[in-house]
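Trainee: I would like to go through this structure and ask what stands behind the words used for it.
Mentor: Go ahead, and we will set each word against its cut-off.

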Amino acid sequence: MKVGIDARFASYRRGIGNYAYQLITELTRIRNQHQFVVYADASMAAGDVAKWAAEGSRVHVHPPYPYALWEQFFLPRWAARDRLDLLHCPGNTGPLTLSRRVKVVLTLHDVMYLLPHTVVPQSMSPYQRLGRVYRRVVAPRVAARAEAIIADSDHTRNDVANRLGIPPVRIRVIHPAPDAAFQPLPRQEALDDVKRRYGLRDPMLLAMGAVDPRKNTLGILRAFALARQQGALRHQLVIVGLPRSVPAQFVRLASALGIEEDVVFLDFVPNDMLVKLYNAATIFLYPSFYEGFGFPVLEAMACGVPVIASTAGSVPEIAGDAALFVRPDDIHGLGRAIVTLAADESLRQTLVRKGAVRAATFSWGRTAAATMRVYDECDQ
């Protein structure tokens with residue numbers, strides 16, 4: 001078959017973008033009977049585009065059109081021009097006007113846009129709220145006509161079946177994996193580097209933050225303050241992933257809790273520095289309210305840092321027995337877990353060992369091979 005893959009997310013190497021980039025990179029390495037046509041936008045690194053092309057794929061680079069315009073106007077036209085047999089849409093949505101002769105494989109990472117706000121708190125960002133409306137309109141329609149659906153986890157497969165009414169037999173669970181760059185480094189070197197670059201100190205707790213309340217940034221701040229009250233905690237809290245102008249609500253809360261001197265907010269950081277931050281941290285916190293997969297949990301484990309993780313969404317499925325679990329709405333429980341893990345070197349080392357084993361069970365090679373089998377099934 002001639003298989004098209006929408007790669008527009010791949011220029012942003014977190015979450016869905018990381019999934020798209022890693023999957024395409026592995027798929028293009030597999031020698032098989034299918035021909036790949038990759039649709040990338042001009043913000044992609046030239047080296048990545050060249051790497052895909054060098055493996056024999058046709059790569060079309062287009063201007064970075066707005067999301068909906070790319071997907072609903074241009075993508076169907078490119079698919080028709082290139083006479084695709086199958087189009088893989090790896091980011092929850094796809095074109096509604098695609099020719100019926102083109103089969104669709106759709107990756108659904110989650111269905112949080114269909115969940116009530118009691119489960120997934122509503123974002124205050126107009127862009128994120130508009131995106132949620134777009135996915136609510138588009139995703140169910142594309143899923144209904146898709147030849148096959150790929151879900152990142154059993155939890156997501158169950159959500160897709162229940163919320164979209166898709167027969168489970170049409171849904172394949174294929175786990176993604178952490179990037180190979182996430183691995184243990186000499187800790188002192190990593191610590192010295194992040195100290196020099198970001199002015200951090202040792203010991204530190206690391207967390208992924210976001211304007212989106214789903215990531216529970218406010219809860220992390222409150223739990224850290226409680227942990228400071230409950231025990232002799234000397235740690236600095238480093239929260240990565242917030243925009244340069246940190247939203248006032250986070251700054252105000254840190255100040256009101258009296259922890260502003262011990263909290264550092266960082267923007268999105270390059271992958272090489274994120275690896276070093278994981279390696280420099282004593283504990284990684286991930287008390288998210290909902291995840292379709294949860295890459296940071298495996299990234300942290302692969303780097304050798306013990307994890308305190310959420311009981312919600314797919315996180316327990318992905319983390320297995322290699323994390324300390326806390327309900328995301330249990331701020332006091334999260335505070336106690338921080339104190340316990342910070343004080344217990346033996347428990348930390350146990351989680352580090354289990355985490356390394358757990359992270360090693362996920363591989364992009366296996367992900368790509370399983371995805372290729374889905375393509376083959378569509379060719380029957």
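Mentor: We start with L221, which counts as buried because its relative accessibility is 0%. The model is a predicted one.

Trainee: What makes 0% count as buried for L221?

Mentor: Buried means under 20% relative accessible area. L221 has 0%, so L221 is buried. This residue is found in helix α7.

Trainee: Which residues does L221 touch, leaving out those up to four places away in sequence?

Mentor: They are L237, I239, F250, L253, L257, I259, V263 and F265. Touching here means heavy atoms within 4.5 Å. L221 can also be set against I331: the two are 110 residues apart along the chain, and their C-alpha atoms are separated by 9.3 Å.

Trainee: Why is T217 called buried?

Mentor: T217 has a relative accessibility of 2%. The limit is under 20%, and T217 therefore counts as buried. T217 lies in helix α7, which covers residues 217–230. Apart from neighbours within four places in sequence, T217 is in contact with G209, A210, I239, L242 and F250.

Trainee: Why is α7 called oblique to α12?

Mentor: The axes of α7 and helix α12 (residues 331–343) cross at roughly 55° and come within 8 Å. Under 35 degrees would count as roughly parallel, and 65 to 115 as roughly perpendicular. An angle of roughly 55° falls in neither range, so α7 is oblique to α12. The crossing is right-handed.

Trainee: Which residues make that contact?

Mentor: On the α7 side they are G219, I220, R222, A223, F224, L226, A227 and Q230. On the α12 side they are I331, H332, L334, G335, R336, I338 and V339. The contact of α7 with α12 divides into 9 nonpolar, 4 polar and 2 charged residues.

Trainee: How do you know that α1 and α2 are roughly parallel?

Mentor: Helix α1 (residues 16–29) and helix α2 (residues 46–54) pack at an angle of about 30°, and their axes are 8 Å apart. Angles under 35 degrees count as roughly parallel, so α1 and α2 get that description. Their crossing is left-handed.

Trainee: Which residues meet there?

Mentor: Y21, I24, T25 and T28 come from α1, and D48, K51 and W52 come from α2. By type, the contact of α1 with α2 has 3 nonpolar, 2 polar and 2 charged residues.

Trainee: What makes a group of residues a nonpolar core?

Mentor: The members are buried nonpolar residues of certain kinds, joined through side-chain atoms within 4.5 Å. The largest core here has 71 residues, and W52, Y278, F284, M301 and Y375 have the most contacts inside it. A second, separate core has 33 residues, including W78, V104, L108 and A143.

Trainee: What does F284 touch, not counting residues up to four places away in sequence?

Mentor: F284 touches L206, A207, M208, Y278, P296, V297, A300, V305, P306, V307 and I308.

Trainee: How do you know whether R83 and N92 are buried or exposed?

Mentor: Exposed means over 50%. R83 has a relative accessible area of 64%, so R83 is exposed. N92 has 3% relative accessibility, so N92 counts as buried. R83 lies in the loop between α3 (67–81) and β4, and N92 lies in the loop between β4 and β5.

Trainee: What is the phi of R83, and what is the phi of N92?

Mentor: R83 is not a glycine, yet its phi is positive, about 55°. N92 is also a residue other than glycine, and its phi is near 85°, a positive value.

Trainee: Why does L98 count as buried?

Mentor: L98 has 7% relative accessibility, so L98 counts as buried. L98 sits in the loop between β4 (86–89) and β5 (103–108). Leaving aside neighbours within four places in sequence, L98 is in contact with P76, A79, L87, V104 and R145.

Trainee: Which peptide bond is cis?

Mentor: The bond from D202 to P203 is cis, with omega near 0°. P203 is placed in the loop between α6 (187–198) and β8 (204–208).

Notes:
Residues are numbered from 1 along each chain as its sequence is written. This is a predicted model: local features need pLDDT of at least 70, side-chain atom pairs count only at pLDDT 80 or more; totals for chains, interfaces and linings use all residues. Side-chain values use heavy atoms; hydrogens and water are left out. Buried means under 20% relative accessible area, exposed over 50%, partly exposed in between (1.4 Å probe, protein chains only). Axes are lines fitted to C-alpha atoms, for helices over the stretch in contact, and angles run from 0 to 180 degrees between N-to-C directions. Helices (H or I, at least four residues) and strands (E, at least two) are DSSP runs, numbered from the N terminus. Angles under 35 degrees count as roughly parallel, over 145 as roughly antiparallel, 65 to 115 as roughly perpendicular and the rest as oblique. A crossing is left-handed if the near helix is turned anticlockwise from the far one by less than a right angle, and right-handed if clockwise. Ala, Val, Leu, Ile, Met, Phe, Trp, Tyr, Cys and Pro count as nonpolar, Asp, Glu, Lys and Arg as charged, and the others, Gly among them, as polar.
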